Amino acid sequence: MNLVSIIAKPEITITKNPYLVSSPLLFFSNKTKSETSIPRVLFSSMSYNKELAAAKKAVSLAARLCQKMQKAILQSDVQSKSDKSPVTVADYGSQALVSYALQRELPSEQFSLVAEEDSEDLLKDGGQETLERITKLVNDILASDGSYSDCTLSTEDIVKAIDCGKSEGGSRGRHWVLDPIDGTKGFLRGNQYAIALALLDEGTVVLGVLACPNLPLTSIAGGSQHSLPGEVGCLFFSVVGGGTYMQPLDSSSAVKVQVNATDNPEEASLFESYEAAHSMHDLSSSIVKKLGVKAPPVRIDSQAKYGALSRGDGVIYLRFPHKGYREKIWDHAAGCIVVSEAGGLVTDVAGNPLDFSKGRYLDLDTGIIVTNQKLMPSLLKAVRESIEEKASSL
Ligand SMILES: Nc1ncnc2c1ncn2[C@@H]1O[C@H](COP(=O)(O)O)[C@@H](O)[C@H]1OP(=O)(O)O
Ligand SMILES: [Mg+2]
Ligand SMILES: [Mg+2]
Ligand SMILES: [Mg+2]
């Protein structure tokens, strides 16, 4: 039986990147081995190699599209900045590109996609011009990459690709889960955003790819989110049982990353939403005060928080949406596996893992808590106490 084995190549490093120094690269090569000599953990990651390659390609193409559009937005004058259509074009374009690329890369698989956007607004009066812009943009990205040069997409193809994302997901079979631009507000401001793609298999997230085009390749601990050009753009990826890896968006040299495993809250720093409207910052600050965290919170947009936490830039991520907000699975699926495979934990307030098998929404009523395994018990205790105090003060 021809199986895949993993060979460590410690001599290959990218010296500019501190994560690479202690992290040998892993290469996959074909080798014949008896089935019993392969650890179970490798079997689980081996089963999704094809899907991982397809997901990385799809997300990298979408990241290129988003980078192009964000540059155009930031270079535009004040008047056209108030026009929100470039972000719309980028959102739809990213979803169309990921959907199309996955289907081209995995032609023999049944395709189901749970994604944020749908074409309803594009098909209304006045949507045609936007649809044409999206179609041109997607075709331009594919042409400059040289992929799928056998066909140019029509506006109908684009609508079809976007609307593949209407699946309800659930606990049966395989479903891709996509947020084409996570952190739209950050994208518009020129700050952090992510393209987040995950694969659900029988209700469990088994694979995640997270592109963070504006995230520095070096640590953002302490809040420094600025780097020299050429030193930003990270692609995180994980397969269940296989760990989490990070590579520069424009290169294929991946390194294994791990969460910061400190058990000392004084050394732990907190990530939270940039947008106060997305999470209750007063509650997070009461929790970290109770826990004894010293550093001020680092506020960044999108699932880039999960990526940064997976490589140890910070230790805690708290997310408490305001009452009535329903969390969607595409806002957490990729980030969740990226952190868990790097040794972290992602739970609800009760300490239960997130359940992605219930359809398009996560069945949560309170919030999402992310940290390493050692700090989780005391963090959960501080969360519960702070929630009780807040409730009794109302
Ligand atoms: N009122 C809201 N409360 C919480 N999250 C929201 C709200 N509105 C949008 N979001 C989503 O929160 C995520 C951004 O999280 P963060 O605040 O941590 O950056 C995005 O997925 C964003 O959607 P979108 O994907 O459309 O940007
Ligand atoms: Mg989102
Ligand atoms: Mg989005
Ligand atoms: Mg949105």
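**Figure 1. The whole chain, with its buried share.** Of the 394 residues in the chain, 53% are buried. Keep in mind as you look around that this is a predicted model. The chain holds twelve helices and 14 strands. Its accessible surface comes to about 17800 Å², and carbon and sulfur atoms account for 52% of that area. Now take the contacts between residues at least 6 apart in sequence: 73% of them join residues at least 24 apart.

**Figure 2. How confident the predictor is along the chain.** The mean pLDDT of the chain is 87, and 85% of the residues reach 70 or more. Where does pLDDT stay under 50? Look at residues 1-43, where the model has 67 contacts beyond four places in sequence.

**Figure 3. An open sheet of five strands.** Follow the strands across the sheet and you meet them in the order β11-β10-β12-β14-β13, with mixed pairing. Which strands stand at the edges? They are β11 (298-299) and β13 (344-348). Each has a single partner strand, so one side of each has no neighbour in the sheet. As a reminder, strands of a sheet pair through backbone hydrogen bonds, either parallel or antiparallel.

**Figure 4. One edge of the sheet and the helix that packs on it.** Here β13 pairs with strand β14 (residues 368-372) in the antiparallel sense, over five bridges. To find your place in this pair, look for leucine 345, which stands opposite threonine 371 in β14. Helix α12 (residues 376-393) packs on the sheet, where it touches β12 (316-319), β13 and β14. The direction of α12 makes about 150° with that of β14.

**Figure 5. The magnesium ion (ligand 2) and its aspartates.** Which residues coordinate the magnesium ion (ligand 2)? Three do so through OD atoms, namely Asp179, Asp182 and Asp331, at 1.9 to 2.2 Å. Along the sequence, these donor residues are spaced D-x2-D-x148-D.

**Figure 6. Two magnesium ions that share an aspartate.** The magnesium ion (ligand 2) and the magnesium ion (ligand 3) are 3.6 Å apart. Aspartate 179 coordinates both of these ions. Is aspartate 179 buried or exposed? Its relative accessibility is 1%, so aspartate 179 counts as buried. Aspartate 182 has a relative accessibility of 8% and therefore counts as buried too. The cut-off behind both calls is that buried means under 20% relative accessible area.

Terms used. Residues numbered from 1 in each chain as written. Chains lettered and ligands numbered in written order. Predicted model: local features only at pLDDT ≥ 70, side-chain atom pairs only at ≥ 80, totals over all residues. Heavy atoms only, no water. pLDDT = per-residue confidence, 0-100. Contact = heavy atoms within 4.5 Å. Pairing = 2+ DSSP bridges. Helix = DSSP H or I, 4+ residues; strand = E, 2+ residues; numbered from the N terminus. Axes fitted to C-alpha atoms, helices over the stretch in contact; angles between N-to-C directions. Buried < 20%, exposed > 50% of the residue type's maximum accessible area, 1.4 Å probe, protein only. Areas by Shrake-Rupley, 256 points an atom, 1.4 Å probe, with all protein chains shown as cover. Donors = N, O, S within 2.8 Å, 3.2 Å for Na, K, Ca; no water.
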